[in-house]
Amino acid sequence: MSRLEGDVSSGRVRACALDDVAEEAALGVELDVEGEDEPTPVCVVRSGGRVFAIRDECSHQDVRLSDGDVEDGKIECWLHGSQFDLESGKPTCLPATDPVPIYPVTIEGGDVYVDVNPDKAAGGAKEEHFRTSFGPAAASLK
Ligand code: FES
């Protein structure tokens with residue numbers, strides 16, 4: 001996992017180069033957010049020709065999702081096998097029952113930018129505190 005800094009005042013942060021993430025694979029990064037003491041762990045994922053960003057923390061226990069397998073728009077937690085839909089952050093099978101926050105993604109100049117502003121995150125336990133209208137949660141490469 002690498003720690004990166006970006007335009008923290010807007011919440012939009014360069015997470016990695018697009019080439020850093022293989023198709024149907026994930027990369028864990030830590031991104032600084034204004035007002036937060038700790039960096040936000042983010043899992044950047046490529047699947048089905050799209051790029052997603054989901055919090056790099058399983059909602060069942062505190063393990064990194066970026067260490068799991070990616071397939072068909074889902075990431076599987078390596079510890080107990082719950083799968084999470086990368087579009088919504090919702091689990092598609094047990095034992096996890098709570099969603100994981102997802103973040104808007106844009107691709108510019110071969111780089112992946114993630115908006116880690118909590119006001120724009122969706123899903124996860126903090127969902128009730130977040131606005132739910134925001135830009136696309138994934139960036140298409142097609
Ligand atoms: S820690 Fe992820 S499913 Fe249990």
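The exercises below, each with a worked solution, concern a predicted model.

**Exercise 1.** Determine which residues of the largest nonpolar core touch the most other members, and which strands supply at least two residues of this core.

*Solution.* Begin with the core itself, which holds 35 residues. Ala15, Val42, Val44, Ala53, Ile54 and Val114 touch the most other members. Next, turn to the strands: S2 (12-17), S3 (25-31), S4 (40-47), S5 (50-55), S9 (102-103), S11 (111-115) and S12 (138-140) each supply at least two residues of this core. Finally, take Ala53 as an example. With neighbours within four places in sequence left aside, Ala53 is in contact with Ala15, Val42, Val44, Ile102, Tyr103, Val105 and Val114.

**Exercise 2.** Establish why S11 is largely enclosed by the rest of the structure, and describe how S11 is joined to S2 and to S10.

*Solution.* First, consider burial: four of the five residues of S11 are buried, and therefore the strand is largely enclosed by the rest of the structure. Second, examine S2, which runs antiparallel to S11 and is joined to it by five bridges. Within this pairing, Val13 has Val114 as its bridge partner in S11. Third, examine S10 (residues 105-108), which is also antiparallel to S11, with four bridges between them. Here Thr106 stands opposite Tyr113. The hairpin of S10 and S11 has two residues between the strands, and Gly109 in this hairpin takes a positive phi near 55°.

**Exercise 3.** Describe the open sheet of three strands and explain why one side of S6 and of S8 is left without a neighbour in the sheet.

*Solution.* The strand order is S6-S7-S8, with antiparallel pairing. S6 (69-71) and S8 (83-85) stand at the edges and have a single partner strand each, so one side of each lacks a neighbour in the sheet. From one strand to the next, the twist averages 25°. For the pairing of S7 (residues 74-76) with S8, three bridges are found; in S8, Asp85 is the bridge partner of Lys74.

**Exercise 4.** Locate Glu24 and Asp72, and decide whether each counts as exposed or partly exposed.

*Solution.* Most residues other than glycine have a negative phi, and most peptide bonds are trans. Glu24, in the loop between S2 and S3, has a positive phi near 60°. Because Glu24 has 14 C-beta neighbours inside 10 Å, it counts as partly exposed. Asp72, in the loop between S6 and S7, has a positive phi of about 50°. With 10 C-beta neighbours inside 10 Å, Asp72 counts as exposed.

**Exercise 5.** Identify the residues joined by a cis peptide bond.

*Solution.* The bond joins Leu94 and Pro95, with omega about 10°. Pro95 is found in the loop between S8 and S9.

Technical notes
Residues numbered from 1 in each chain as written. Predicted model: local features only at pLDDT ≥ 70, side-chain atom pairs only at ≥ 80, totals over all residues. Core = buried A, V, L, I, M, F, W, Y, C linked by C-beta atoms within 7 Å. Buried ≥ 20, exposed ≤ 12 C-beta atoms within 10 Å, placed from the backbone. Contact = placed C-beta atoms within 7 Å. Pairing = 2+ DSSP bridges. Axes fitted to C-alpha atoms, helices over the stretch in contact; angles between N-to-C directions.
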